[in-house]
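Visitor: Could you walk me through this model, one piece at a time? I would like to ask questions as we go.

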Amino acid sequence: MAVLSLTNAHLAYGHVPLLDGANFALETGERVGLIGRNGTGKSSLLKILAGIDKLDDGLLQLQLGLRSVYVPQEPELRAEASIFEVVSEGVAEARALRERFEAHAPGEDLDALQTRLEQLGGWTWEQRVEETLQRLGLDGSRQVGALSGGLKKRVALARALVAQPDVLLLDEPTNHLDLDAIAWLEGLLNAFKGSLLLITHDRAFLDNVCNRIVELDRGQLRGYPGNFAAFQAAKQYELENEALANARFDKVLAQEEVWIRKGVEARRTRSVARVARLMQMREAHAARRDVQGKVRLDIATGDASGKIVAELDKVSKRFGERTVVRDFSTTILRGDKIGLIGPNGAGKTTLLKLILGELAPDSGTVRQGTRLTVAYFDQMRDGLNLEATLADTISPGSEWIEIGNQRKHVMSYLGDFLFAPQRANSPVKSLSGGERNRLLLARLFARPANVLVLDEPTNDLDIETLELLEELLQDYDGTVFLVSHDRRFLDNVVSSTLVSEGDGVWREYEGGVQDWLTQSQRAKAIAAAAAPKAAPAPVPAAAPPAAAKRKLSYKEQRELDELPARIEALEAEQAALNALIGGTELYTQGAGRIQEVTNRAAAIEDELMGLLERWETLGAR
């Protein structure tokens, strides 16, 4: 049953229609991910569903008595208030009604107040706030103004959840959250009993939380069952069919245009219907909204650096009583792509500055390589002049830029990043958040560098641009240091990770986030299995000596011998399912089959992990 719906919705800013006769329905208990290009109107749609903005035309229908709560990208919180006070705003109606009831104002209908209070649970609102703060790990006495961006986002979510809404509307909920907080939020939303509609570009988050993807594309809302992986395959199939249909239409139109110019034949009475059809085809072609172009990325690498970029030996760094880096050693070579992972405040920026020689260690040695040319994404973000034009931001004082061995006009280069030529002289302040990030990438890639330092480059970028940026960084010959909380982006780009493990300890792992998680889980399993052997319980005197170390039983030995074959069979099944998900045939078999395949693919990963840990445990004995 739909809790809210849009019918024939229209919304435009200027001459650009964001919603063009769009239809949408959110069902009870659904978890929907809303995706689309930057500037297509996703946030505007969320505000309309929240009742903040209005449609130009169309119908919005809400279930009677529906309670919905909207959490924007940058929630407005009273800086001077405590966390408890801000979260209590979520039960503002219940608080006000109880105060009116307790005041016994003359003429007040106490029976009606009591009925409404019981509906809202107003008698116990303080308890609800305390329980929500406890669930979200928040200290109600802390002042909001002193909190980090991640904690402020957590407070905004607490304020929304304490209202016990039927519908939760979230705009970029993972912004400012580190990996641990994102995993926590996934669990929170999966346990949420109401309906959920969220905007995010975090593909792993979409896969783990959503059971339907809705894309806002050229004014229309199109729904796809399953998670983001299922959407990608279905969308590819859909775009291929659309391209073929458009090509056939254009071919027929071209033939008809040739026919109409023949003159005499076209003026015969029996051809009137054909002329009318041509007019209709011209109108349809003019009204057609084709797929937008893709960002074309290229980068000037400059001269190659030396083979060794940096060599650290037992490096430590303290700030007051806190050790941020403790006895860390590593060697970074030209071409390495390194992700830095850790909670907010763990010291990722400090470690980067130590590696690049911008900060001296308290102890240990750091040796930098030769011919290093470093480009920083975060520094450019801070130094962006909002009054400057796009063209001056990219190439101040010149109409041309050098990209590798190519010379490009600034208009053409901006076009590669989907900026129309007429916008080249517009001020930076006129751009949306995602467009500003695209401009920053354009500026970064226009400068020759053999070392890239990217601090949260994925914020506000749409998914297509993210995927193209991944491809660029994969092919980049230089060295990349990447700080990001986007797990899929890290997995697709980095060759190794530097992970904060607390108390200043940093450890290097091969591969991306998933590889780090797998390796660390295996290490914990091995350590747990080895722990009893390190400190065995005292053996009773009467016990035979062999009891101190138990060998594998016949059943366990047989299990150990069979494990490789079982693991190999699961890996083969996993490869077959991934091929099915990546193809197009599956998406012609209905939503039930798609859900079955995606669920099985997720379950296999857990089974494999369990078998691998069991193999390690038995093998260690």
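Visitor: In which sense do β3 and β8 pair?
Guide: This is a predicted model, so the picture we build is of a prediction. β3 and β8 are joined over 4 bridges. Within this pair, G33 stands opposite I213 of β8. The sense of the pairing of β3 and β8 is parallel.

Visitor: Which residue in β7 is the bridge partner of V32?
Guide: Strand β3 covers residues 31–35, and strand β7 covers residues 195–199. These two strands pair in the parallel sense over 4 bridges. The partner of V32 in β7 is L197.

Visitor: Which strands stand at the edges of the open sheet of 6 strands?
Guide: The order in this sheet is β5-β6-β7-β3-β8-β9, and the pairing is mixed. A strand with a single partner has one side left without a neighbour in the sheet, so we look for the two strands of that kind. They are β5 (68–71) and β9 (220–225).

Visitor: By how much are neighbouring strands of this sheet turned against each other on average?
Guide: Here we ignore the direction of the strands and look at the angle between neighbours. The average is 20°.

Visitor: Are the two faces of β8 covered or uncovered?
Guide: In a regular strand the side chains alternate between the two faces of the sheet. On one side of β8 we find R212, V214 and L216, and on the other I213, E215 and D217. Each of these residues is buried, giving 6 of 6 for the strand. Both faces of β8 are covered.

Visitor: Which residue takes a positive phi in the hairpin of β8 and β9?
Guide: β8 and β9 pair in the antiparallel sense over 6 bridges, and D217 has Q220 of β9 as its bridge partner. There are 2 residues between the strands of this hairpin. The one with a positive phi, near 55°, is R218.

Visitor: What is the order of the strands in the open sheet of 3 strands?
Guide: Let us begin with the edges, β2 (16–27) and β4 (57–62), each of which pairs on one side only. β1 pairs with β2 in the antiparallel sense over 9 bridges, with H10 opposite D20. From one strand to the next the twist averages 15°. The order is β2-β1-β4.

Visitor: At about what angle does α1 run to β1?
Guide: Helix α1 (residues 42–49) is mostly covered, with 6 of its 8 residues buried. Those buried residues are K42, S44, L45, L46, I48 and L49. The helix lies across β1, β2 and β4. Its angle to β1 is about 130°.

Visitor: Which residue just after α1 takes a positive phi?
Guide: We look at the residues that follow the helix and check the sign of phi. One has a phi of about 85°, and that residue is G51.

Visitor: Is Y13 of strand β1 buried, partly exposed or exposed?
Guide: Y13 touches L18, S44 and D53, leaving out residues up to four places away in sequence. Its C-alpha atom is 10.0 Å from that of D56, which is 43 residues apart from Y13 along the chain. The relative accessible area of Y13 is 48%, and buried would need under 20% and exposed over 50%, so Y13 is partly exposed.

Visitor: How are α6 and α7 oriented to each other?
Guide: Two packed helices are described by the angle between their axes and the distance between the axes. The axes of α6 and α7 (residues 179–191) come within 13 Å and cross at roughly 10°. Angles under 35 degrees count as roughly parallel. Therefore the two helices are roughly parallel.

Visitor: Which residues of α7 make the contact with α6?
Guide: By class, this contact has 6 nonpolar, no polar and 1 charged residues. From α6 come R154, L157 and L161. From α7 come A181, W184, L185 and L188.

Visitor: Which helix gives the largest share of the largest nonpolar core?
Guide: This core has 51 residues, and L168, L189 and L198 touch the most other members. The largest share is 6 residues, and it comes from helix α6 (residues 149–161).

Visitor: How many residues are in the other core, apart from this one?
Guide: Among its members are I394, L440, L472 and F489. The number of residues in this other core is 43.

Terms used
Residues are numbered from 1 along each chain as its sequence is written. This is a predicted model: local features need pLDDT of at least 70, side-chain atom pairs count only at pLDDT 80 or more; totals for chains, interfaces and linings use all residues. Side-chain values use heavy atoms; hydrogens and water are left out. A nonpolar core is a set of buried Ala, Val, Leu, Ile, Met, Phe, Trp, Tyr and Cys residues joined through side-chain atoms within 4.5 Å. Buried means under 20% relative accessible area, exposed over 50%, partly exposed in between (1.4 Å probe, protein chains only). Contact means heavy atoms within 4.5 Å. Axes are lines fitted to C-alpha atoms, for helices over the stretch in contact, and angles run from 0 to 180 degrees between N-to-C directions. Angles under 35 degrees count as roughly parallel, over 145 as roughly antiparallel, 65 to 115 as roughly perpendicular and the rest as oblique. Ala, Val, Leu, Ile, Met, Phe, Trp, Tyr, Cys and Pro count as nonpolar, Asp, Glu, Lys and Arg as charged, and the others, Gly among them, as polar. Two strands pair if DSSP finds at least two bridges between them.
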